[in-house]
Amino acid sequence: MAEASYPEDLKYHVEHDWARIEGDQATFGITWYAQDALGEVVFFDPPEVGASVSKDDSYAEVESVKAVSDVYAPASGEIVAVNEALAGAPELINADPYGDGWLVRVKLTDPSEVDSLLDVDAYRQLLS
């Protein structure tokens with residue numbers, strides 16, 4: 001399992017999801033805290049490429065040995081890629097939540113929504 005970490009270059013959602021913003025696209029995943037709370041991830045049920053996601057709404061499910069949990073969109077957009085590696089290796093979400101364990105890539109429809117997300121310091125404060 002990965003060490004507890006919260007990269008400074010990411011934006012964080014209060015539901016323990018992260019977004020890596022790159023121009024008009026973003027990569028989404030769940031934070032170290034979320035994967036730690038879930039325990040061993042055994043299945044990821046992704047959305048379809050081309051589907052629309054709305055900020056603060058559930059867009060996928062992550063199933064662990066403990067529970068099935070919704071994954072919330074940090075921002076609105078259209079799914080342009082799904083991490084296909086997770087179909088055969090969902091444990092990547094535990095092992096590398098900010099790298100190989102990313103969930104989806106999205107073309108942002110309203111990049112200004114990112115401004116309402118938490119920076120790393122605000123997210124750490126939320127956890128304490």
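## Backbone outliers

In this predicted model, Asp56 sits in the loop that links strand S5 (52-53) to S6. Asp56 is not a glycine, yet its phi is positive, near 75°. With a relative accessible area of 42%, Asp56 is partly exposed.

His16 also has a positive phi, about 75°, and is not a glycine. The residue His16 belongs to the loop between strand S1 (11-13) and strand S2 (17-22). His16 counts as buried because its relative accessibility is 19% and the cut-off for buried is under 20%. Most residues other than glycine have a negative phi.

## Secondary structure

The protein chain contains four helices and nine strands. Read from the N terminus, the order of its elements is β-β-β-α-β-β-β-β-β-α-α-β-α.

## Nonpolar cores

The largest nonpolar core is made up of 25 residues. Phe28, Phe44, Tyr59, Leu103 and Val104 have the most contacts inside this core. Two or more residues of the core come from each of these elements: strand S3 (25-30), helix H1 (32-38), strand S4 (41-45), strand S6 (58-64), strand S8 (77-82) and strand S9 (104-108).

Leaving out residues up to four places away in sequence, Tyr59 touches Phe28, Pro47, Val53, Val71, Tyr72, Ala73, Leu103 and Val104. Another core, of nine residues, lies apart from the largest one; Tyr6, Leu10, Tyr12 and Tyr98 are among its members.

## Overall dimensions and packing

The protein chain has a radius of gyration of 13 Å, which agrees with the value near 14 Å for a compact globule of 128 residues. Its C-alpha trace spans about 35 × 35 × 20 Å along the principal axes.

Of the 128 residues in the protein chain, 44% count as buried. When contacts are restricted to residues at least 6 apart in sequence, 63% of them join residues at least 24 apart.

## Surface and charge

The exposed area of the protein chain is about 6,300 Å², and 46% of it is supplied by carbon and sulfur atoms. The protein chain carries 7 positive and 26 negative charges. The mean positions of these two sets of charges are 6 Å apart.

Technical notes:
Residues numbered from 1 in each chain as written. Predicted model: local features only at pLDDT ≥ 70, side-chain atom pairs only at ≥ 80, totals over all residues. Heavy atoms only, no water. Core = buried A, V, L, I, M, F, W, Y, C linked by side-chain atoms within 4.5 Å. Buried < 20%, exposed > 50% of the residue type's maximum accessible area, 1.4 Å probe, protein only. Contact = heavy atoms within 4.5 Å. Rg over C-alpha atoms; globule rule 2.2 N^0.38 Å. Areas by Shrake-Rupley, 256 points an atom, 1.4 Å probe, with all protein chains shown as cover. Lys, Arg positive; Asp, Glu negative; His and termini not counted. Charge placed at Lys NZ, Arg CZ, Asp CG, Glu CD.
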